[in-house]
Amino acid sequence: MMFKPTTALLTVILLACAGCQAIPTTPQWDARFGAATRAAFAQQVLNPDAARARTSVDGIDGASAALAQQRYRKSFAEPPAPAVFTIGVSGTK
């Protein structure tokens, strides 16, 4: 019995797929997947119980924060005049 080219190709593909299945996966890596991200996130949280606390937050009030933000934005629209420094020059004779 002679193999046809398509039968031989199909046999090679099936053997290759069977070989891929025999390769073990990486369970030691899969078990720790995302651990570094979770650890970095946990290290950035200052107080995990902050949402349950009934104390006020340290900082400035909302009106002062809004004004500070407006001044910040305005500083880019209207930059301050450049300062001119003169050393050793006076207007007297």
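This is a short talk on one helix, one aromatic pair and one salt bridge in the structure above.

Okay, so bear in mind that what we're looking at is a predicted model. Let me start with helix α4, which runs over residues 62-77. That's 16 residues, and from the first C-alpha to the last the helix reaches 23 Å, close to the 22 Å you'd expect at 1.5 Å a residue. Now, is α4 buried or in the open? Of its 16 residues, the number buried is zero, so α4 lies largely in the open.

Stay on that helix for a second, and look at Y72 and F76. Both of them sit in α4, four residues apart, which is about one turn of the helix. As a general point, an α-helix has 3.6 residues a turn, so residues three or four places apart point the same way. The count of aromatic pairs comes to one. In that pair, the ring centres of Y72 and F76 are 5.1 Å apart and the planes stand at 85 degrees; anything over 60 counts as edge-to-face, so that's what we call this pair. And how about exposure? Y72 is exposed, and F76 is too.

Right, on to charges. How many salt bridges does a search of the whole structure find? Just one turns up. The partners are R52 and D49, whose side chains meet at 2.5 Å, N to O. R52 is exposed, with a relative accessible area of 64%. D49 comes in at 44% relative accessibility, and because the exposed class starts over 50%, D49 counts as partly exposed.

That's my tour, thanks.

Key: Residues numbered from 1 in each chain as written. Predicted model: local features only at pLDDT ≥ 70, side-chain atom pairs only at ≥ 80, totals over all residues. Heavy atoms only, no water. Helix = DSSP H or I, 4+ residues; strand = E, 2+ residues; numbered from the N terminus. Expected span 1.5 Å × (residues − 1). Buried < 20%, exposed > 50% of the residue type's maximum accessible area, 1.4 Å probe, protein only. Phe/Tyr/Trp six-rings, centres within 6.5 Å; stacked < 30°, edge-to-face > 60°. Salt bridge = Lys/Arg side-chain N within 4 Å of Asp/Glu carboxyl O.
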